[in-house]
Amino acid sequence: MKHELENYSTFDSKLIGSIIEKLVTLVEGKEYVYQEAIHKTYELESTILGGQVDKVEKKTLMIVEDSQKRRYYNDYHEQANEVNRLVQNGQAFILSEHKLWFSSWVTFYTTYEGNLKCLIDFGKFPYVQDFIDSVVEYRFKNNLSKVSEKDLLSLMSEFVLSKKTYIEENYKKEDLENQEQAIKQLIK
């Protein structure tokens, strides 16, 4: 069961990244992009003498607001994690992060001790998880070890139509926030 679940929830990283960037851009009403970036950060390393904090370089695959996209994210000290700041501000979410390589594959689910475990924190983008769930279900029902870009675009279209009200509300919220920002600028 674990192998099947991981198989149906594993995707080519560039393909699923390009589909998710389209979905998020459409729902959020602003440009989001899929990217491969270098993240220089700090990590607690275990040694025979205990733990020490070292600077490490991670290869990060993420969906990020276009205005926040960088080739490199560099944390200048342990508490200033640039990628985590973007995630906490709802401007990004991480698909994969490894020390040695950019992953060619993204796996969304596994099982751990018999329980389903999502490997991605979607943060303020829970609808992306709903979309991925629908794709995993589609692959399972049709016994598809691979899924094409055409299939993903078709599934995304169906998904967007099913979330039309949610998307419209999101656009209204975005318009109100933009109006509030414009008013604050006029007052200054």
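Select Phe108 to begin: leaving out residues up to four places away in sequence, Phe108 is in contact (heavy atoms within 4.5 Å) with Ser9, Phe11, Ile16, Ile20, Leu95, Lys117, Cys118, Leu119, Ile120, Phe122 and Ile132. The model is predicted, so local features need pLDDT of at least 70 and side-chain atom pairs pLDDT 80 or more, while totals for chains, interfaces and linings use all residues. Numbering runs from 1 along each chain as its sequence is written, and side-chain values use heavy atoms, without hydrogens or water.

Next, add Ile20, Phe93 and Val128. With Phe108, these residues touch the most other members of the largest nonpolar core, which has 35 residues. Such a core is a set of buried Ala, Val, Leu, Ile, Met, Phe, Trp, Tyr and Cys residues joined through side-chain atoms within 4.5 Å; buried means under 20% relative accessible area with a 1.4 Å probe, protein chains only. Elements giving two or more residues to this core include strand S2 (32-47), strand S3 (50-65) and helix H2 (13-28); helices are DSSP runs of H or I, at least four residues, and strands are E runs of at least two, numbered from the N terminus. H2 contributes the most, 7 residues.

Apart from this core is another, of 8 residues, including Val64, Tyr73, Val83 and Leu86.

Now select H2. Of its 16 residues, 12 are buried, so H2 is largely enclosed by the rest of the structure. Among the buried ones are Ser13, Gly17, Thr25 and Glu28.

Finish at the helix ends. At the N-terminal end, Asp12 caps H2, with a side-chain oxygen 3.2 Å from the backbone nitrogen of Lys14. After H2 comes Gly29, with a positive phi near 75°.

Terms used
Buried means under 20% relative accessible area, exposed over 50%, partly exposed in between (1.4 Å probe, protein chains only). A polar contact is a pair of N or O atoms within 3.5 Å; within protein, one must be able to donate a hydrogen and the other to accept it, and residues adjacent in sequence count only if both atoms are side-chain atoms.
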